[in-house]
Amino acid sequence: MSVSDLFKPLTFLHGSPMRNRFMLAPLTSQQSDFDGTASKYDQIWMEQLAKGG
């Protein structure tokens, strides 16, 4: 895969295609609540990422 491929849409068998091939890792380090749910900090951070496009 070339670097230019990173900016091409990625199509899956099911679900919506992604606009590019950059993904946010699903793991964070000591940021979730003790029961494993996303903390308020995580939710705010993800909202900021989403607003950035």
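A residue counts as buried when its relative accessible area is under 20%, and the close-up views below, taken from a predicted model, use the word in that sense.

**View 1. Leu 10 and its surroundings in the segment before H1.** Leu 10 lies in the segment before H1, and because its relative accessibility is 19%, against a limit of under 20%, Leu 10 counts as buried. Leaving aside residues up to four places away in sequence, Leu 10 touches Pro 17, Met 18, Arg 21 and Met 23. Phe 22 stands 12 residues from Leu 10 along the chain, and the C-alpha atoms of these two residues are separated by 9.8 Å.

**View 2. Met 18 and the residues it touches.** Like the residue at the centre of the previous view, Met 18 is found in the segment before H1. When residues up to four places away in sequence are not counted, Met 18 touches Pro 9, Leu 10, Phe 12 and Met 23, and the contact with Leu 10 also appears in the list for Leu 10 itself. Between the C-alpha atoms of Met 18 and Phe 7, which are 11 residues apart along the chain, the separation is 9.9 Å.

**View 3. Arg 19, with Phe 7 for reference.** Arg 19 also belongs to the segment before H1. With a relative accessible area of 65%, a value over the 50% limit, Arg 19 is therefore classed as exposed. Arg 19 and Phe 7 are 12 residues apart in sequence, while their C-alpha atoms are 7.5 Å apart in space.

**View 4. Helix H1 and a nonpolar surface patch.** Helix H1 comprises residues 40-51, and Leu 49 has its place there. Since the relative accessible area of Leu 49 is 42%, which falls between the 20% and 50% limits, Leu 49 is described as partly exposed. Together with Tyr 41, Trp 45 and Met 46, Leu 49 makes a nonpolar surface patch of about 400 Å².

**View 5. The whole protein, as context for the close-ups.** The secondary structure of the protein amounts to one helix and zero strands. Of its 53 residues, 8% count as buried, and Leu 10 is one of the residues that count as buried. The protein exposes about 5,000 Å², of which carbon and sulfur atoms supply 61%. Among the contacts in the protein with a separation of 6 or more, 6% are accounted for by residues 24 or more positions apart.

Terms used: Residues are numbered from 1 along each chain as its sequence is written. This is a predicted model: local features need pLDDT of at least 70, side-chain atom pairs count only at pLDDT 80 or more; totals for chains, interfaces and linings use all residues. Side-chain values use heavy atoms; hydrogens and water are left out. Patches are made of residues with over 30% relative accessible area and no salt bridge: like charges are joined within 9 Å, nonpolar side chains (Val, Leu, Ile, Met, Phe, Trp, Tyr) within 5 Å. Accessible areas come from the Shrake-Rupley method with a 1.4 Å probe; for residues, only the protein chains shown count as cover. A salt bridge is a side-chain nitrogen of Lys or Arg within 4 Å of a carboxyl oxygen of Asp or Glu. Helices (H or I, at least four residues) and strands (E, at least two) are DSSP runs, numbered from the N terminus. Buried means under 20% relative accessible area, exposed over 50%, partly exposed in between (1.4 Å probe, protein chains only). Contact means heavy atoms within 4.5 Å.
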